[in-house]
Amino acid sequence: MPAASADSEAEFWLFGYGSLIWKPPPLYDRRIPGYVTGYVRRFWQASQDHRGTPEAPGRVVTLIERSFWETLTDHHDSPDKVWGTAYRIEAAKVAEVREYLDIREINGYTVHYTPFHPSDGSSIIKTLVYIGTPENDQFVGPQHPQKLAEHIHRSFGPSGPNKDYLLSLEEALDNLSSESGDAHVKDLATRVRKLEKQANAVGERAASATAVTNELKKVGSTDEQEEMEK
Ligand code: BEZ
């Protein structure tokens with residue numbers, strides 16, 4: 001197996017920092033956990049095509065250049081490493097995979113290249129990465145974490161509930177390495193789980209109120225019948 005390197009014409013490497021971590025691209029032949037630097041991962045990109053709709057866009061992650069992020073007011077800290085997964089796609093499959101990715105990842109994302117550091121300490125790899133930059137139409141920017149969590153909690157798109165994307169990302173990051181957790185993702189996931197619990201409790205209360213009402217109606221109609229038969 002050739003060493004991981006950016007120099008070979010035969011190699012195309014893709015860095016995944018969002019759904020690609022748990023939903024790999026087709027036809028890859030190597031998958032390596034690791035990180036990139038100089039960026040911050042944030043749920044600041046609207047999703048009209050996967051986790052929301054054009055009428056009610058959801059929220060997905062993008063990478064923010066750290067130097068730009070430092071000029072903003074944000075509620076979460078961020079370490080200098082953004083953890084994710086690099087996938088190698090051999091030359092013969094590149095066109096097919098790029099076509100798949102363009103369909104899957106479009107909606108404001110553009111292609112960039114960034115050095116990737118494999119977690120096993122092996123050589124740095126040049127990776128292609130999809131980024132929704134602040135200039136793209138779907139870029140939302142900073143938002144209060146509770147508002148953002150509520151937005152994610154209620155959003156839904158063709159790929160499923162927005163909250164599933166968030167919770168899958170949290171789990172996938174926890175499984176990459178002991179240091180790959182992300183405070184922004186963790187805090188949003190914690191808030192969304194709390195919202196979910198509250199929604200379930202409200203649902204259960206409504207269901208038991210309906211059951212009591214139905215029971216009372218039954219009792220009432222039996223009484224009426226008994227009244228009439230007397
Ligand atoms: C990712 O998983 O890295 C990703 C997915 C969609 C758009 C951009 C990035």
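Trainee: How many bridges join β6 to strand β7?
Mentor: This is a predicted model. Strand β6 covers residues 110-118, and β7 covers residues 125-131. The two run antiparallel. The number of bridges joining them is seven.

Trainee: In β7, which residue is the bridge partner of H112?
Mentor: β6 and β7 are joined by bridges. H112 has its partner in β7. That partner is V129.

Trainee: Which residue takes a positive phi in the hairpin of β6 and β7?
Mentor: Look between the strands. The hairpin has six residues there. The phi in question is near 85°. The residue is G121.

Trainee: In what sense do strand β2 and strand β6 pair?
Mentor: β2 spans residues 30-37. Two bridges link β2 with β6, and one of the pairs has G34 facing its β6 partner, P118. The sense is antiparallel.

Trainee: What pattern does the protein chain follow along the sequence?
Mentor: Start with the inventory: five helices and nine strands. Now read them in order along the sequence. The pattern is β-β-β-β-α-β-α-β-β-α-β-β-α-α.

Trainee: Which residues have the most contacts inside the largest nonpolar core?
Mentor: That core has 43 residues. Its largest share, six residues, comes from helix α4, residues 162-176. In soluble globular proteins, nonpolar side chains tend to be buried together. The residues with the most contacts inside the core are Y17, F43, L63 and L166.

Trainee: Which residues does L63 touch, leaving out those up to four places away in sequence?
Mentor: L63 is among the residues with the most contacts inside the largest core. Its contacts beyond four places in sequence are what we want. They are F15, Y17, Y39, V40, R41, V82, V129, I131 and G132.

Trainee: How many residues make up the other core, which lies apart?
Mentor: Its members include V40, I64, W69 and F139. This core is separate from the one with 43 residues. Its residue count is five.

Trainee: Why do the buried residues of helix α3 lie on the same side?
Mentor: Helix α3 covers residues 145-154, and its buried residues are P145, L148, A149, H151 and I152. They share a side of α3 because the arc they cover around the axis is only 160°.

Trainee: Which residues are exposed on the other side of α3?
Mentor: Turn away from the buried side, where L148 is one of the residues. Exposed means over 50% relative accessible area. The exposed residues there are K147 and R154.

Trainee: What share of the residues of the protein chain count as buried?
Mentor: Buried means under 20% relative accessible area. The chain has 230 residues. The buried share is 41%.

How values were computed
Residues are numbered from 1 along each chain as its sequence is written. This is a predicted model: local features need pLDDT of at least 70, side-chain atom pairs count only at pLDDT 80 or more; totals for chains, interfaces and linings use all residues. Side-chain values use heavy atoms; hydrogens and water are left out. A nonpolar core is a set of buried Ala, Val, Leu, Ile, Met, Phe, Trp, Tyr and Cys residues joined through side-chain atoms within 4.5 Å. Buried means under 20% relative accessible area, exposed over 50%, partly exposed in between (1.4 Å probe, protein chains only). Helices (H or I, at least four residues) and strands (E, at least two) are DSSP runs, numbered from the N terminus. Contact means heavy atoms within 4.5 Å. The arc is that of the directions from the helix axis to the C-beta atoms. Two strands pair if DSSP finds at least two bridges between them.
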